[in-house]
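This report concerns a single protein chain, whose sequence and coordinates are shown below.

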Amino acid sequence: MEEINQTSSVSEFILLGLSSRPEDQKPLFILFLTMYLVTITGNLLIILAICSDPYLQTPMYFFLSFLSFTDICFVTTIVPRMLVNFLSEKKTISYAGCLTQMYFIYVLGNTDSCLLAVMAFDRYVAICDPFHYVTVMSHHRCVLLVAFSCSLPHLHSLLHTLLLNQLTFCNSSVIHHFLCDINPLLKSSCSSTFVNNITIKTEGLVVLVTPFLCFVFSYIRILITVLKIPSAAGKHKAFSTCGSHFTVVILFYGSVFYVYLKPLSSYTVRDRVATIVYTVLSSMLNPFIYSLRNKDIKRSLGKLMGRRMS
């Protein structure tokens, strides 16, 4: 009975954030507010450009619009709380609020991961089996792929959130992070995290690595097919359709693997910086990466801005 009371006595956590120095708080507030506004604006423009242009009603841009929407939700789960804490002396988040934030971070982060894998599969079919592309990537199948990408992460996130809710935190309410992530929360627990660690190393690893393996398989097949194209112009065209997506995947998975594919005991300040890369920075850069290297998106954005100006 005493242990139950200890668990429930932790009504809030303290998020230490990126810096404890008072003079850093306002510059960090301005920096992340700017990044947040740029992320929202950029991804909204991508969605509007795709929805308003009939030439962009293809599976690739259908997936890209959902990726942009997910990125908007992703940063909105994280950055507003950061902005409040930058200007607040009491950098706290309620126990329920912390678990809720963690739940949606894992839902949206894994949705991003699944959508990137689906987009890699789309490029694989388009380049390696172009004659069956319309049949394989039918609208019905695209909807199913998006539905799967959005629903599976909920089960994964729910499992880890429920397991975390069983832990005792006692007086260890300080989280050495700017958000409620599972690793610093497990380090703050004063009860056994054996089940949590086993689940992370089994189910969590499968959910994390499987989309990446789909991406690797797709791009190996794409590379083999492209190298067989005789003309240099054909090779360049094929690579140009994949370049933007490849850049986004490397940025996203590189930082994710740096944070999560390492022992819990080695969790350091550098992991906070890497977390910024796959959460805030990746979501902000996605619209620029896809628009700067994509003539169709640039043309559609030009038309969209032209209509707004006229």
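The sections below treat the overall architecture, the internal and open spaces, and two individual residues.

## Overall architecture

The model is predicted. The protein contains 11 helices and three strands. Read from the N terminus, these elements follow the order α-β-α-α-β-α-α-α-β-α-α-α-α-α.

The C-alpha atoms occupy a box of roughly 70 × 45 × 30 Å along the principal axes. The radius of gyration of the protein is 21 Å, which agrees with the value near 19 Å that a compact globule of 310 residues would have. Of these 310 residues, 48% count as buried. Contacts that span a long stretch of sequence are frequent: when contacts between residues at least 6 apart in sequence are considered, 79% join residues at least 24 apart.

## The largest pocket

The largest pocket holds about 540 Å³ of space. Its lining comprises 25 residues, and those nearest the centre of the pocket are I182, I200, G204, L208 and Y260. Two or more lining residues come from each of α4, α6, α7 (182-188), α8 (194-227) and α9 (232-260). Helix α8 supplies the largest share, with seven residues.

By class, the lining of the largest pocket divides into 15 nonpolar, eight polar and two charged residues.

## The largest cavity

How many cavities of 30 Å³ or more does a search of the whole structure find? The search returns one. The largest cavity encloses about 80 Å³ of space.

The residues that line the largest cavity are L15, L16, G17, L18, S19, Q25, M82, N85, F86, K91 and F178. Helix α3 (residues 59-86) gives the largest share of this lining, three residues. In terms of chemical class, the lining of the largest cavity consists of six nonpolar residues, four polar residues and one charged residue.

## H156 in helix α6

H156 belongs to helix α6, which covers residues 139-164. Is H156 buried or exposed? Its relative accessibility is 6%, and H156 therefore counts as buried, the cut-off for burial being under 20% relative accessible area.

The side chain of H156 forms a polar contact with the side chain of E203, at 2.8 Å. With residues up to four places away in sequence set aside, H156 touches Y106, N110, E203, G204 and V207. One of these partners, G204, is also among the residues that lie nearest the centre of the largest pocket. The contact list of H156 thus includes E203, the residue whose side chain takes part in the polar contact.

## L115 in helix α4

L115 is located in helix α4, which runs over residues 95-128. With a relative accessible area of 1%, L115 is buried. Which residues does L115 touch, not counting residues up to four places away in sequence? The partners are F66, L67, T70, V146 and S149.

A separation in sequence and in space can also be given for L115. L115 and V273 lie 158 residues apart in sequence, and the distance between their C-alpha atoms is 24 Å. Helix α4, in which L115 is found, is one of the elements that give two or more residues to the lining of the largest pocket.

Terms used: Residues numbered from 1 in each chain as written. Heavy atoms only, no water. Helix = DSSP H or I, 4+ residues; strand = E, 2+ residues; numbered from the N terminus. Buried < 20%, exposed > 50% of the residue type's maximum accessible area, 1.4 Å probe, protein only. Polar contact = N/O pair within 3.5 Å; in protein donor to acceptor, adjacent residues only side chain to side chain. Contact = heavy atoms within 4.5 Å. 1 Å grid on protein atoms, 1.4 Å probe; cavity = no way out; pocket = protein on both sides within 12 Å on 5 of 7 lines; lining within 4 Å. Points joined across faces, edges and corners; volume = space filled by probe spheres on them. Nonpolar A, V, L, I, M, F, W, Y, C, P; charged D, E, K, R; others polar. Rg over C-alpha atoms; globule rule 2.2 N^0.38 Å.
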